[in-house]
Amino acid sequence: MTTKASPNPAELLGAIPVAELPLPTYTTDIAGRIIWFNDAARLIWGQAPAPEARWSGGLGVLHSDGLPLALDASPMALAVGQRRAQQGSEIALVRGDGTILPVLVYSSPLFHEHGPLIGVVNSLIDVSRHKKAERLAHQLAAIVESSEDAIISKDLCGVIQSWNAGAQRLFGYRQDEMVGRHISILIPSDRIAEEDEILTKIRKGDRIDHFDTIRRRKDGSLVPISLTVSPIKDDKGKIIGASKIARNISDRIDKELRIHQLMREVNHRVKNQFAVILSMIGATSRRSKDPQSFQRQFRERIMGLSRSHDLLVEAEWKGASLYDLATSQIMPFAEVSQLNLSGEPLLLATTAVQNLGIAFHELSTNSAKHGALSTTAGRVSVSWQIQGHNLRLDWRETGGPHPGAEPPIGFGRIVLEQVVPRALNGNATFLAESDSVRWTLVAPLSSIEPA
């Protein structure tokens, strides 16, 4: 009895011109030895298979997630073990140069005409571009969804196609409430023409750089936004819609308004300062004996004004504490041991800072020239109390060289007895007693504290 030999699996391919097919194809016997392959298979492996290669002509195979995959558990081997085709299984090939290539494997058992399984026909499809596009799509979707900005797509009719979480936060509508609706639901009636202009430009393929506009939220409130619009094209380059990126600029608008208000306030303050300086120039010049005296006194008064100004700048023109103001004006003329300050914490309005700063400066310079601060034995005490709706402020100095001497009527006396009390809607007294020099101011808190 003669037994017919089992044919080589490659012989069963007969005259089919698979060698010329662009699809990478190869056959193995039931042990996984590669017995035939075409040029496309060699190219996808990156090498010709080694004589000992089994199931794959590359350096190895991996699961689609990159974890090692045993060759005997590969789709090619399973086609033999399960005696059925493995269609479209995704694996990763380790190519001859060590690079990783994702592929789909189609493995079909090859049977002899009399029934025995003699091998496997395997075809490979390179899906690296598809996987890359898929990864990019997932990354883009994640970026869009996690963006703080509202990102919306619409077709060329203005109908919303996509709506991210940022859009929900900004406009208040959920995705299911907006997809399929016209974008005009967000546009105030006086700005509808903007949308017509946007769609006209998008149809021409123009990108619309960001511009500031207004949109309406679900609750009816208006929100200022910065809007950028770009055309969306299909895989053939045809424009099919537009994407919009909207950013809430409420904070920026508020800051710009605040800056504008501050600039107006600074302008007002500067004009006030100019008025004070002009007054100082006139008063100082009338009472100066010579240009050198005028220059010295005027410089000192400007420096005193500057110290008050520094406190206001540090506090963004919200005011300054009475303690800090007194310290800043007196300490340039006194030792720490010569000064005693007492009183509860009190925040001064800007007008009070400027006027009391001038008063403290005049008191300090007078004391340094003629009074307690002209000698190391002298002492200055500044105290203040809240009495009902008024502030009572006391300056007292002792230990000067000539206690009781009445200072001449000059600019300082005019400031202390007239200018400052009048500016603060109060009254003041300046007394040179037998044992001390004393200045007392009583003014309503409404003129002293910030509004």
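This is a short tour of the structure above, stop by stop, with a suggestion of what to select at each one.

**Stop 1: the whole protein**

Start with everything shown, and keep in mind that this is a predicted model. The protein has 451 residues, and 41% of them count as buried. Colour by secondary structure and look for 12 helices and 18 strands. The protein exposes about 24600 Å², with carbon and sulfur atoms supplying 55% of that area. Among contacts between residues at least 6 apart in sequence, 52% join residues at least 24 apart.

**Stop 2: three strands and two hairpins**

Next, select residues 208–216, which are strand 9, and residues 222–233, which are strand 10. These two strands run antiparallel and are joined by 7 bridges. For one pair across the gap, pick Arg216 and find Leu222 opposite, in strand 10. Strands 9 and 10 form a hairpin with 5 residues between them. In that turn, click on Gly220, which has a positive phi of about 90°.

Now add residues 239–248, strand 11, which pairs with strand 10 in the antiparallel sense over 9 bridges. Here Ile225 has Asn248 in strand 11 as its bridge partner. Strands 10 and 11 also make a hairpin with 5 residues between them, and Gly237 in the turn has a positive phi of about 90°.

While you are here, select Thr228 in strand 10. Is Thr228 buried or exposed? Its relative accessible area is 15%, under the 20% cut-off, so Thr228 counts as buried. Leaving aside neighbours within four places in sequence, Thr228 is in contact with Arg207, Ile208, His210, Ser243, Lys244 and Ile245.

**Stop 3: inside the largest core**

Nonpolar side chains tend to be buried together in soluble globular proteins. To see this here, select Leu348, Leu356, Phe360, Val382, Leu393 and Trp439, which touch the most other members of the largest nonpolar core, a set of 41 residues. Helix 10 (residues 350–370) gives this core its largest share, 7 residues. Apart from this core lies another one, of 22 residues, among them Ala150, Trp163, Ile183 and Ile225.

Zoom in on Phe360. Beyond neighbours within four places in sequence, its contacts are Leu322, Leu325, Ala326, Gln329, Val382, Leu393 and Trp395.

Then move to Trp439, in strand 18 (residues 437–444). With a relative accessible area of 0%, Trp439 is buried. Which residues surround Trp439, leaving aside neighbours within four places in sequence? The contacts are Leu356, Ala359, Leu363, Leu393, Asp394, Trp395, Leu416, Ala428, Thr429 and Phe430. Try drawing a distance from Trp439 to Leu363: their C-alpha atoms are 8.5 Å apart, although 76 residues separate the two along the chain.

**Stop 4: a strand with two faces**

Select residues 339–342, strand 13. Leu339 and Leu341 make up its covered face, while Asn340 and Ser342 are on the uncovered one. Add strand 15 (residues 379–387), which pairs with strand 13 in the parallel sense over 4 bridges. In that pairing, Ser342 stands opposite Ser383.

**Stop 5: charged partners**

Side chains of opposite charge can pair when their charged atoms come close. This model has 19 salt bridges.

- Pick Asp97 and Arg95, whose side chains meet at 3.7 Å, N to O. Asp97 is exposed at 55% relative accessibility, whereas Arg95 is buried at 18%.
- Go to Asp176 and Arg174, where the closest N and O atoms are 3.0 Å apart. Asp176 is exposed at 59%, and Arg174 is partly exposed at 41%.
- Find Asp212 and Arg252, which meet at 2.3 Å, N to O. Asp212 lies in strand 9 and Arg252 in helix 7 (residues 250–286), so this pair ties together parts that are 40 residues apart in sequence. Asp212 is partly exposed at 40%, as is Arg252 at 34%.

To see a network, select Arg174, Asp176, Glu177 and Lys218, which are joined by salt bridges that share partners.

**Stop 6: a nonpolar patch on the surface**

Finish by turning on the surface and selecting Leu23, Tyr106 and Ile125, which make a nonpolar patch of about 210 Å². Leu23 sits in the segment before strand 1 (25–29) and is partly exposed, with a relative accessible area of 35%.

Technical notes:
Residues are numbered from 1 along each chain as its sequence is written. This is a predicted model: local features need pLDDT of at least 70, side-chain atom pairs count only at pLDDT 80 or more; totals for chains, interfaces and linings use all residues. Side-chain values use heavy atoms; hydrogens and water are left out. Patches are made of residues with over 30% relative accessible area and no salt bridge: like charges are joined within 9 Å, nonpolar side chains (Val, Leu, Ile, Met, Phe, Trp, Tyr) within 5 Å. Accessible areas come from the Shrake-Rupley method with a 1.4 Å probe; for residues, only the protein chains shown count as cover. A salt bridge is a side-chain nitrogen of Lys or Arg within 4 Å of a carboxyl oxygen of Asp or Glu. Buried means under 20% relative accessible area, exposed over 50%, partly exposed in between (1.4 Å probe, protein chains only). Contact means heavy atoms within 4.5 Å. Two strands pair if DSSP finds at least two bridges between them. A nonpolar core is a set of buried Ala, Val, Leu, Ile, Met, Phe, Trp, Tyr and Cys residues joined through side-chain atoms within 4.5 Å.
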